[in-house]
Amino acid sequence: MTKKSLIPAIAGASLLCASGSILARDYISIVGSSTVYPFATVVAEQFGKTTKFKTPKIESTGSGGGLKLFCAGVGTEHPDITNASRRIKKSEYGRCHKNGVNEIVEIKIGYDGIAVANSKQAIRFKLSRKDLFLALAKQVPDPKGGEKLVENPYKTWKDVNAKLPASRIEVLGPPPTSGTRDAFAELAMEGGCKKIDWIKAMKKRDKKAYNAICHTIREDGAYIEAGENDNLIVQKLEANPNALGIFGFSFLDQNTDKVQGAIIDGVAPEFEAIAKGTYPISRPLFFYVKKAHVGKIPGIAEYLAEFTSEKTWGDEGYLTDKGLIPMPRAERQQFAKDAVELKNLKL
Amino acid sequence: MSNKIDNEVLSASPNKSMQRVQASLARRYAKERRFRRMGISAVITGLLFLSLLFGSIISNGYTAFWQTYIQIEVHFDAEMLDPQGQRSPEALSAANYGGLVKRSLRQMFPQVKKRSDKRKLYHLVSSGAAFQLREMVMNNPQLIGSTALIWVAADDDVDMLMKGHINRHKPEADRRMKDQQISWVDELLQQGRIEQRFNTTFFTAGDSREPELAGIRGAVMGSIFTLLITLALSLPIGVAAALYLEEFAPTNRLTDLIEVNINNLAAVPSIVFGLLGLAVFIGFFGMPRSVPIVGGLVLTLMTLPTIIIASRAALKSVPPSIREAALGIGASRMQTVFHHVLPQALPGMLTGTIIGMAQALGETAPLLMIGMVAFIVDIPGNVMDPSTALPVQIYLWADSPERAFAERTSAAIMVLLAFLITMNTLAVLLRKKFERRW
């Protein structure tokens, strides 16, 4: 009998709680990029342990998914902060404004390198971005010459560049939903694509076609979509010494005994090189704050202060232990100032 | 004599068929043996895969139940912790405990002078050590001014080295622990200041980005709250629906349609229920994301068909004679159902419910849509606190870069499996104890 009365009691009580908490949320809600997630979570944990505020809740939704949720409106049911592994797009900014999210604060937190790595049992690759483009693009310039495109005919690395080994082209990388993939396409593929003069000339005439050539990755099995789980790519590389993998620098940093990063355009993916900006495939990481929520949701200003302090994102801050590449000092100061002033982003 | 001849004549044709039977006998026996062998090999293959699964999970994960601790000598310096001497909780809470830990380490290794080396030295112990000291002082401010030997959790890299997951024979550049750090660890080991202990943190803490501080308590509580909601909703609704459909509803087109649809619903992929939950509970009713109540509602939708189908099967198995006898002595239909049929069918219904719950416990896909795949440190205290669930925690850890999370992933899988096995055993025991056969 008691059990029977308990069940509706629980249901009733939980519904009551439900209506109560819609009105007030006492923790920060963060969504966004899976690349920023490992860094934001460390800050959130530190913030929760050292302040009187609750630990922020962080969902890993991807940059695009995060901005969609973030721009859905103002109010406690919408997230306060979104992480992004790329800058907010103009269309997303417009969407935010349409839904009443008029004031956004942009904070850049640092850089992330993208490594092209293979197993330590194999020899280390020395690649140029052009090699990467030729090996991985769906359509490449006809190897016989002339300004025309053909379906990618290259089967081995040696076909692409005579200096490379004769092993089959086999690259494990993230799927199209991933920010890492976007960044790889933009920085590595387009970076190599630009080296071909007649394609570069196309950029001014027909930007759409140019992007389609430079960003489209081949689908004939040479590029294998290995899911969002970077650990899995590392394991697969270990099992298959002929394959290369594409993933974030923090995973390379944690697995230096198993995999080695290829040297891209003469620069190895190392902390110092990425920080200096000489390593070509690195991208900035951001987060965006909804200004209307500051002061309404407890702790946002303090969270920003924690994130932008030197002990967090500085040259020797605890985020560097997790693989974040810090910004130069002047840039850090600039964004720390923006965080204090809650400077409104204008696009 | 004539008799004998008769017999021979008669047995001529049976003899022939007997010969045929005997000729085919060996072949038929062989066929049966082959089939049996195939069956046995199928079972063995299944068992082999199962043992491979368990073997790999357990061999990867059992080390996570131990954690390396380092003993440090801490002087709770009054100057450093509370210069004003007021012992106010605010001042004590904000004091520099990390500094205390660092000072202890410097005193233990006075030969370390260079700044970069000191940084490496500080990385021997977990960043949780400072919080541990803070908690000690907050609970007992009298400690200030005294000196104590304290065991603190080692950093995950030290832990991995001690467990043999970092190979110290590889070239220095290829491992996360450098020669210098390994020599410090060896020194501590000689002094008896490093110890492996049972990892209680794993069972008492919420999630963390530091493997040595991460625990599954938050995920377990989240799963419990979610399942409580699911149980509280799906059992009464499921049983009521089954009772009505089986005992009261007329058989017509409409009830047929309902029945077909319930069976169809049971086969709908779980992610669809997640999308439904996102649109209805979060979108329309405006419930918050990432809370167990929404998770429970979504999983209720998912388990309802399972429970209804199992409950109806249980009701069907109650022989009609019981109903007829009850009706015959003047019981109403309602009395018949609640006094006689339901008690007989209840064990079967409960078994179905438990199996449905076990299914819900292992579900991640629908929770993905409603925001329960999130980093949540605080342990949820009620159904409205943001939380994750056990399988989600496994997914999140499997995706973490730190090597030490690999063993914790396996350990969390072991905990999840333990829950599932317990629930299924409960279902079997219930059935054994209460089931009646007619």
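**Exercise 1. Decide whether B:Gly381 is buried or exposed in this predicted model, and say where the residue lies in chain B.**

Solution. Begin with the relative accessible area of B:Gly381, which is 53%. The next step is to compare this value with the cut-off, since a residue counts as exposed when its relative accessible area is over 50%. B:Gly381 is therefore exposed. To place the residue along the chain, look at the elements on either side: B:Gly381 belongs to the loop that runs between strand 4 and helix 17 of chain B. Finally, consider a partner from another part of the sequence, B:Phe225, which is 156 residues away from B:Gly381 in sequence, although their C-alpha atoms are 9.0 Å apart in space.

**Exercise 2. Describe the contact between chain B and chain A, starting with how much area the two chains bury between them.**

Solution. The size of an interface is often given as the accessible area lost when the parts come together. Here chain B and chain A bury about 3,900 Å² between them, and 50% of this area is on carbon and sulfur atoms. Within the area that chain B buries against chain A, 16% is supplied by B:Phe375, B:Pro401 and B:Arg403, which is more than any other three residues supply. Next, count the residues that take part: 42 come from chain B and 41 from chain A.

Then turn to the charged and polar pairs. Seven salt bridges are found across the interface, and in one formed by A:Lys322 with B:Glu402 the closest N and O atoms are 2.8 Å apart. Between the two chains there are also 22 residue pairs in polar contact, with both residues at pLDDT 80 or more. As for the elements involved, several parts of chain B each supply at least two residues to the side that touches chain A, among them helix 5 (115-122) and strand 4 (374-375), while helix 10 of chain B gives the most, with three residues. Sorted by type, the residues on this side of chain B are 21 nonpolar, six polar and 15 charged.

**Exercise 3. Find which residues touch the most other members of the largest nonpolar core, and follow one of them outward.**

Solution. The largest nonpolar core holds 140 residues, and those touching the most other members are A:Val116, A:Leu127, A:Phe184 and A:Tyr303. Helix 18 (residues 404-434) of chain B gives the most to this core, with 10 residues. Taking A:Phe184 as the example, and leaving out residues up to four places away in sequence, its contacts include A:Ile114, A:Val116, A:Leu132 and A:Ile246.

Technical notes:
Residues are numbered from 1 along each chain as its sequence is written. Chains are lettered from A and ligands numbered from 1 in the order in which they are written. This is a predicted model: local features need pLDDT of at least 70, side-chain atom pairs count only at pLDDT 80 or more; totals for chains, interfaces and linings use all residues. Side-chain values use heavy atoms; hydrogens and water are left out. A nonpolar core is a set of buried Ala, Val, Leu, Ile, Met, Phe, Trp, Tyr and Cys residues joined through side-chain atoms within 4.5 Å. Buried means under 20% relative accessible area, exposed over 50%, partly exposed in between (1.4 Å probe, protein chains only). Helices (H or I, at least four residues) and strands (E, at least two) are DSSP runs, numbered from the N terminus. Contact means heavy atoms within 4.5 Å. Buried area is the accessible area (1.4 Å probe) that two parts lose on being put together, summed over both. A salt bridge is a side-chain nitrogen of Lys or Arg within 4 Å of a carboxyl oxygen of Asp or Glu. A polar contact is a pair of N or O atoms within 3.5 Å; within protein, one must be able to donate a hydrogen and the other to accept it, and residues adjacent in sequence count only if both atoms are side-chain atoms. Ala, Val, Leu, Ile, Met, Phe, Trp, Tyr, Cys and Pro count as nonpolar, Asp, Glu, Lys and Arg as charged, and the others, Gly among them, as polar.
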